[in-house]
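Here's a structure to read together, one feature at a time. Have a look at it first, then follow the dialogue.

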Amino acid sequence: VQLQASGGGLVQPGGSLRLSCAASGSSYKMGWFRQAPGKEREFVAAIKWSGRSTYYADSVKGRFTISGNNAKNTVYLQMDTLRPEDTAVYYCAANLYGDIRALNPSSYDYWGQGTLVTVSR
């Protein structure tokens with residue numbers, strides 16, 4: 001499965017941005033992770049295609065929304081009320097099995113190239 005992420009950019013604090021990730025094939029679950037400079041990659045959100053269950057990191061709950069279009073094998077991350085601490089490279093990931101509550105990046109086998117999100121005035 002190949003993944004192509006897009007939609008990053010520069011936005012002011014309080015603003016919104018929507019990321020997209022198109023997959024070349026089907027999967028069981030897809031997720032978003034992010035990595036800020038000097039920090040480890042961290043879980044952001046995940047969605048399971050069957051039943052459309054979702055799971056979020058506490059730091060983004062209520063501000064970010066993950067959704068998807070199964071027919072297009074595409075997942076989205078709507079990010080609202082952005083904060084400077086949300087600045088990071090955002091990666092989409094996919095796996096053919098597994099719990100969407102799994103936070104470790106090693107729980108995903110397929111990764112996109114990353115898209116930079118910068119929240120600044």
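**Reading the sheet and its ties**

A: Let's begin with the sheet: four strands make up an open, antiparallel sheet, in the order 1-3-8-7. Keep in mind that we're looking at a predicted model.

Q: Which strands stand at the edges of the sheet, and what does that leave them without?

A: The idea is to look for strands with a single partner. Here those are strand 1 (3-6) and strand 7, so each has one side with no neighbour in the sheet. Going from one strand to the next, the twist averages 15°.

Q: Let's go inside the sheet, then. How many bridges pair strand 3 with strand 8?

A: Strand 3 and strand 8 pair over six bridges, in the antiparallel sense. To read such a pairing residue by residue, check who faces whom: Ala22 has Thr74 of strand 8 opposite.

Q: And what about Asn73, where does that residue lie?

A: Asn73 sits in the loop between strand 7 (64-69) and strand 8 (74-79). Don't let the word "loop" settle the burial question, though; go to the accessibility. Asn73 comes out at 17%, and the cut-off for buried is under 20%, so this residue counts as buried.

Q: Which residues does Asn73 touch?

A: Leaving aside residues up to four places away in sequence, Asn73 touches Cys21, Ala22, Ala23, Gly25 and Ser26. Ala22 is the residue we just saw opposite Thr74, and Cys21 takes us to the next feature.

Q: Okay, disulfides. How many are there by the rule?

A: The count is one. Cys21 and Cys92 form the disulfide, with 2.1 Å between their sulfur atoms. Cys21 belongs to strand 3 (residues 17-23) and Cys92 to strand 9, so the pair ties together parts 71 residues apart in sequence.

Q: Is that disulfide right-handed or left-handed, and are its cysteines buried or exposed?

A: For handedness, read the torsion about the S-S bond. For Cys21 and Cys92 this is about 60°, so the disulfide is right-handed. As for burial, Cys21 and Cys92 are both buried.

Q: Now the charged residues. What should I look for in general?

A: Side chains of opposite charge can pair when their charged atoms come close. In this model the rule gives five salt bridges. One of them joins Arg34 to Glu42, where the closest N and O atoms are 2.6 Å apart.

Q: Are Arg34 and Glu42 buried or exposed?

A: Take each partner separately. Arg34 is buried, at 6% relative accessibility, while Glu42 is partly exposed, with a relative accessible area of 35%.

Q: Which salt bridge does Asp86 form?

A: Asp86 pairs with Arg63, and their closest N and O atoms are 2.8 Å apart. Now place the partners: Asp86 is in the loop between strand 8 and strand 9 (88-95), and Arg63 is in the loop between strand 6 (54-56) and strand 7, so this pair ties together parts 23 residues apart in sequence. Asp86 is buried at 0% relative accessibility, and Arg63 is buried too, with a relative accessible area of 6%.

Q: Which residues are linked in a network of salt bridges?

A: When reading a network, follow the partners along. Here Arg34, Glu42, Arg63 and Asp86 are linked in one.

Q: What about Lys61, which side chain does it meet?

A: Lys61 meets Asp58 in a salt bridge, at 3.1 Å from N to O. Asp58 counts as exposed, with 65% relative accessibility.

Methods. Residues numbered from 1 in each chain as written. Predicted model: local features only at pLDDT ≥ 70, side-chain atom pairs only at ≥ 80, totals over all residues. Heavy atoms only, no water. Helix = DSSP H or I, 4+ residues; strand = E, 2+ residues; numbered from the N terminus. Buried < 20%, exposed > 50% of the residue type's maximum accessible area, 1.4 Å probe, protein only. Contact = heavy atoms within 4.5 Å. Salt bridge = Lys/Arg side-chain N within 4 Å of Asp/Glu carboxyl O. Disulfide = S-S within 2.5 Å. Pairing = 2+ DSSP bridges. Axes fitted to C-alpha atoms, helices over the stretch in contact; angles between N-to-C directions.
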